[in-house]
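Reader: I should be grateful for a short introduction to the structure shown here.

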Amino acid sequence: MEFELTKRQVARGARPDVETHDKIHVLKSAAELKATYQIRLLLYRAIQEGKKLVLNVKKECEFSGDLKALMKEHRRNIEVVRR
């Protein structure tokens, strides 16, 4: 298996906080959430595996414009849970 490496030769990847048979969960406590590398990579994985990416955020969490666009484009594969 080959890994994608950064310019400093570090393997790139992301791990979910929780994973079930049909969902990949990411837990975030930020006041504003952006379309980070972790979210984009886990969304790609969710699409490839036929799963949903669940963003578990606080009630008051705001989404950046780039994340809103990503969520709109992939609305079938992203679910938001507010706690």
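The exchange below concerns a helix and the core to which it contributes.

Author: This is a predicted model, in which local features need pLDDT of at least 70 and side-chain atom pairs count only at pLDDT 80 or more, while totals for chains, interfaces and linings use all residues. Residues are numbered from 1 along each chain as its sequence is written, and side-chain values use heavy atoms, with hydrogens and water left out.

Reader: What distance between the end C-alpha atoms of helix α1 should its 13 residues span?

Author: Helices are DSSP runs of H or I with at least four residues, strands are runs of E with at least two, and both are numbered from the N terminus. The expected span is 1.5 Å times one less than the number of residues. For α1, residues 37-49, the end C-alpha atoms lie 18 Å apart, in agreement with the expected 18 Å.

Reader: Which residues of α1 are buried?

Author: Buried means under 20% relative accessible area, exposed over 50%, and partly exposed in between (1.4 Å probe, protein chains only). On the face turned away from the buried side, α1 carries the exposed Y44 and Q48. The buried residues of α1 are I39, L42, L43 and A46.

Reader: Which element gives the largest share of the largest nonpolar core?

Author: Such a core is a set of buried Ala, Val, Leu, Ile, Met, Phe, Trp, Tyr and Cys residues joined through side-chain atoms within 4.5 Å. This one has 17 residues, and β2, α1, β4 and α2 each give two or more. The largest share, 4 residues, comes from α1.
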